[in-house]
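Here is a small set of exercises to work through with the model open beside you. Try each task before you read its solution.

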Amino acid sequence: MDVPLPHLDRPFDYLVPDTLDADARPGVRVKVRFAGQLVDGWLLERVAESTHPRLAYLEKVVSPVPVLAPEVAELARAVADRYAGSLADVLRLAVPPRHARVEKDVTATDATDATDAAAEAGAEATSPAAADPTVPASADATSPATAASAGPAGPALPATPASADAADPAAPADASADAGPDAVAQVDPRGWRDYPAGPAFLRALTAGRAPRAVWSALPGEDWADRYADAVAATVAGGRGAVVVVADARDLDRLDAALTAVLGTGRHACLSAAVGPARRYRAFLAARRGDVPVVIGTRAAMFAPVERLGLVAVWDDGDDLHAEPRAPYPHARDVLLTRAQLAGVAALVGGYARTAEAQLLVETGWAREVVADRATVRARMPAIAPTGDDPHLARDPGAAFARLPSLAWTTARDALRADLPVLVQVPRRGYLPSVACADCRAPARCPHCAGPLGLPSAEGVPACRWCGRVAAAYACPECGGRRLRASVTGARRTAEELGRAFPGVPVRTSGREEVLATVPAGASLVIATPGAEPVAEGGYGAVLLLDSWALLTRADLRAGEEALRRWLAAAALARPGSAGGRVVVVADGALAPVQALLRWDSAWFADRELAERRELGFPPAVRMASVTGVADAVADLLAGARLPDGAEVLGPVPADEGRERMLVRVPRARAAALAGALHAAAGQRSARKAADPVRLQIDPLSLF
């Protein structure tokens, strides 16, 4: 039942009346009477009898369309158990809200197709070919039989000639004999040849096997094309695929790449941003088997796909992959769980590698797909830090300057060569944080103590928390009324660089306006992380400013996140042989900077995982966060039968008067920890405890 109460997280038995027998199929939405009220629910299974002596009747079948696939229900149960959540919460994430008009259109189309098929069958029965077996069958490609064999979703994947290294002698000779209607010729590995294990990975997908790979993309790699190759190889083997990306911009790139490879109408896009109707229509297309491939943001991680053969996620370190609603699952972990349950292939890719992906490689669950060092050096741009001793000797002010001379001259040379320059700035806005110009004390709101910021050059200070204007601000420490910048945003950076390079076009890309591409030619592009547009031919220079804002965050993943953002921006630069240069305003001795200089995210991920294992942090261990008011947290932990070896850490202040406790266990006891916390939450909900408690397993933020 769709009831968010932990103690009701179990199936309930109901009798099916004769009037609903035809529509009450597993996977449909229903309404049942529970505790005197009509509640929504899902019909999971039909059985002949029940152990309960008295049962109520099913009240209503909301829709006869079985939207919940059995394998998705199994996955949702596994995800709920993994994250100490309830099945009802997971099913809300797995199945989009019903859109009655779309459902009516789909069922009406089915009825029309069935009528047409019956009429064609009757006409065929009276045709000369049916009456006289000596009449040859028509080979017309538009005949109903041929159209049915081509699949209902559009043209078949165009055959591509298999190269010499695409043939796999280990693959069974009849690998495509039972591949189904979507089987096509083997896919040319193309760009995957830059990775020694890449062609073998595609061959395994085409042969119907289940390889698991952690892919480190090369600089300048068109990752969308490589994912399209992997999906095409899976479809060539007669199976389907699910690919999850972080945001709408990545989804658009992957959509275009798949359309070019598979053809129009061969995949569906699932994203909450497309609107309820389009999302539900795409979901129904996948559920009915009209398309073999589903791509999307984290809304697609539960997408139903017939004969699933591949699950893939791009840039798994992006925090947009973490669901902000209970039970807070991560798209990467959901897809890996799905691969394990279904026995299908998995692909985790990115320019950077997370500690979680490194753990997959270390444990042997997945194999890494990487290029050799010679190829990496040939493809990467020339990268230099500004904090090294030689640079400081030539420019002593580089240790304090926001744009050291090395960065300035690099941008100038690229602009003179008529090449675009990308400048990555961690903060958006104009001046998101200001301080007293006399004593340097941070400027705070007199009402709520929030940080003051300037929205523009002519604007007045305003609080970023409550929005109140502080036009007459006076420093409480020294009484000064002049303000200076503490943190410089993207718009102020664009203003400063526009003055430094007069006559050069300046473009900004951020949350307010995200640019997809920029034309070739001299220009300055100021972008926040994740909003960097692709330049035609690549950027001549990439400047990574304000590195301290990323590296000094009080976050377990600060170094990992900084490297991920830097690599994503540096990957857009031209190779060093073509004049591409990257300047990072940071000390070259720092581990994330070293990984950037060598383009070796695997080394940094290995180092990061070793440090977390030594300190006892995820993913080396399983950690649960329990957040709420002090009495509620203590009540839940007191009633939880934690597994042996569990460590309880805290409490520490959280927000809004709440506190947080952390529970740490070895990974082998992860299931026991989740079960104990879920059972304790069920006890509290059965007692109707007033204060809620938020449970999160392996949250992204621990501090």
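Contact here means heavy atoms within 4.5 Å. Helices (H or I, at least four residues) and strands (E, at least two) are DSSP runs, numbered from the N terminus. This is a predicted model, in which local features need pLDDT of at least 70 and side-chain atom pairs count only at pLDDT 80 or more, while totals for chains, interfaces and linings use all residues. Residues are numbered from 1 along each chain as its sequence is written, and side-chain values use heavy atoms, with hydrogens and water left out.

**Exercise 1. Find out how helix α11 (residues 355-362) is covered, and by what.**

Step 1: Apply the burial cut-offs: buried means under 20% relative accessible area, exposed over 50%, and partly exposed in between (1.4 Å probe, protein chains only).

Step 2: Count along the helix. Six of the eight residues in α11 are buried, so this helix is mostly covered.

Step 3: Name them. Ala-355, Glu-356, Ala-357, Gln-358, Leu-359 and Leu-360 are the buried residues of α11.

Step 4: Look for their partners. They pack against two strands, β4 (212-216) and β9 (345-350), and against helices α10, α17 (558-570) and α19.

Step 5: Step past the end of the helix. Gly-364 follows α11 and has a positive phi, near 85°.

**Exercise 2. Which parts does the salt bridge between Arg-298 and Glu-323 tie together?**

Step 1: Set the criterion: a salt bridge is a side-chain nitrogen of Lys or Arg within 4 Å of a carboxyl oxygen of Asp or Glu.

Step 2: Check the distance. The N to O separation for Arg-298 and Glu-323 is 2.9 Å.

Step 3: Place both ends. Arg-298 sits in the loop between β7 (293-296) and β8 (308-314), and Glu-323 in the loop between β8 and α10 (331-342), so the bridge ties together parts 25 residues apart in sequence.

Step 4: Compute exposure. Arg-298 is partly exposed at 25% relative accessibility, whereas Glu-323 is buried at 6%.

**Exercise 3. Describe the salt bridge between Arg-612 and Glu-608.**

Step 1: The N to O distance is 3.3 Å.

Step 2: Both residues belong to helix α19 (residues 601-615), four residues apart, or about one turn of the helix.

Step 3: Arg-612 is buried at 2% relative accessibility, and Glu-608 is buried at 10%.

**Exercise 4. How many salt bridges does a search of the whole structure find?**

Step 1: The search gives 39.

Step 2: Look for linked residues. Arg-82, Asp-316, Arg-332, Asp-333, Arg-622 and Asp-698 are joined in a network of salt bridges.
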